[in-house]
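Hi everyone, thanks for making time for this one. Please have the sequence and the structure up on your screens, and we'll walk through them together.

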Amino acid sequence: MNNDTGTLSVLIANNPFLRKKTKIVEKVDLEKVKKLLPVMFEIMYKAGGIGLAAPQVGIGLRFFIIDLMKDNQSEKITIINPEIIEKSEELKSYKEGCLSFPNQYSEIVRPEKVKIKYINLEGQEQEMQTDGLLARCIQHETDHLDGILFVDHISSLKRNIIMRKIIKEQKRHH
Ligand code: NI
């Protein structure tokens, strides 16, 4: 490949790698994570996404990136080894998409608020309590790290429709 995202690209829906559970990021892996970040952010921005998990670009490590681009302002967030430690009873439905499912969206019900534990790029333990779009995104991306995709939260009927559309579109492009 001759672009500056190197050999990384977003894996699509039926790629079995998306179903693998990722490995905890150890202190020795932090340098590797830091090196991957610029490329991952670039891929995410180019694709117009607001979140990207490492396994989506074929990296089997437990971290993801988010940039909600709220009010057109970039705020890069990197979350390593996340663990959801609290979920609100209050649920919300929201139309979600995923870079591994181009042009496919579905209403997904999730807790409105979550509290997470994670480590930052310096390896320090952090906690974050959040709601709204960020909470939504964190849950979606944490799922990716466990091999869970957003379509797993909908009926198999709806999921099959989406999968068929994806396969059809892939055939058209190749
Ligand atoms: Ni996704």
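Let's start with glutamate 125, which is exposed, at a relative accessible area of 63%. Keep in mind as we go that this is a predicted model. Glutamate 125 sits in strand 7. Setting aside neighbours within four places in sequence, glutamate 125 is in contact with Tyr118 and Ile119. Serine 106 is 19 residues away from glutamate 125 along the chain, yet their C-alpha atoms are 33 Å apart.

Now stay on that strand and look at threonine 130. Strand 7 covers residues 125-131, and threonine 130 is part of it. Is threonine 130 buried or exposed? With a relative accessibility of 11%, threonine 130 counts as buried, because the cut-off for buried is under 20%. Beyond four places in sequence, the contacts of threonine 130 are Glu112, Lys113, Val114, Ala135 and Ile138.

Next, the sheet that strand 7 belongs to. This is an open sheet of 5 strands, ordered 1-2-3-6-7, with antiparallel pairing. Which strands are at the edges? Those are strand 1, residues 51-53, and strand 7, each pairing on one side only. From one strand to the next, the twist averages 40 degrees.

If you zoom in on the strand 1 end, you'll find 3 bridges joining strand 1 to strand 2, and the two run antiparallel. There, alanine 53 stands opposite phenylalanine 64 of strand 2. Helix 1 packs on this sheet, where it touches strand 1, strand 2, strand 3 (77-87) and strand 6 (113-119). The direction of helix 1 makes about 40 degrees with that of strand 2.

That brings us to the nonpolar packing. As a general reminder, nonpolar side chains tend to be buried together in soluble globular proteins. Here, the largest nonpolar core has 21 residues, and the members that touch the most others are Met40, Leu52, Ile59 and Phe63. Helix 1 (30-47) and strand 2 (63-66) each supply at least two residues of this core. Helix 1 gives the most, with 9 residues. Take methionine 40 as an example: leaving out neighbours within four places in sequence, methionine 40 is in contact with Leu52, Ala53, Ala54, Val57, Phe63 and Ile65. There is also a second, separate core of 14 residues, and Ile77, Val114, Ala135 and Ile138 are among its members. You may recognise three of those names from the contacts of threonine 130, which include Val114, Ala135 and Ile138.

On to helix 2. Helix 2 has 14 residues and spans 21 Å from its first C-alpha to its last, close to the 20 Å expected at 1.5 Å a residue. How many of the residues of helix 2 are buried? The count is 12 of the 14, so helix 2 is largely enclosed by the rest of the structure. The buried ones include polar residues such as Arg136, Gln139, Glu141 and Asp143. Just after helix 2, glycine 147 has a positive phi of about 75 degrees.

Helix 2 also takes us to the metal. Which residues coordinate the nickel ion? Cys98 does so through SG, and His140 and His144 each through NE2, at 2.1 to 2.2 Å. The spacing of these donor residues in sequence is C-x41-H-x3-H. Cysteine 98 lies in strand 4 (residues 91-98) and histidine 140 in helix 2 (residues 132-145), so this pair ties together parts that are 42 residues apart in sequence. Both cysteine 98 and histidine 140 are buried.

Strand 4, where cysteine 98 lies, has a partner of its own. Strand 4 pairs with strand 5 (residues 101-111) in the antiparallel sense, over 7 bridges. The two form a hairpin with 2 residues between them. One of the bridges puts leucine 91 with proline 111 in strand 5.

One last stop: isoleucine 148, in the loop between helix 2 and helix 3 (156-173). Isoleucine 148 is partly exposed, at a relative accessible area of 30%. Its contacts, again leaving aside neighbours within four places in sequence, are Arg19, Asp143 and His153. The C-alpha atoms of isoleucine 148 and proline 16 are separated by 11 Å, although the two residues are 132 apart along the chain.

That's my tour, and I'm happy to go back to any part of it.

How values were computed:
Residues numbered from 1 in each chain as written. Predicted model: local features only at pLDDT ≥ 70, side-chain atom pairs only at ≥ 80, totals over all residues. Heavy atoms only, no water. Helix = DSSP H or I, 4+ residues; strand = E, 2+ residues; numbered from the N terminus. Buried < 20%, exposed > 50% of the residue type's maximum accessible area, 1.4 Å probe, protein only. Contact = heavy atoms within 4.5 Å. Donors = N, O, S within 2.8 Å, 3.2 Å for Na, K, Ca; no water. Core = buried A, V, L, I, M, F, W, Y, C linked by side-chain atoms within 4.5 Å. Expected span 1.5 Å × (residues − 1). Pairing = 2+ DSSP bridges. Axes fitted to C-alpha atoms, helices over the stretch in contact; angles between N-to-C directions.
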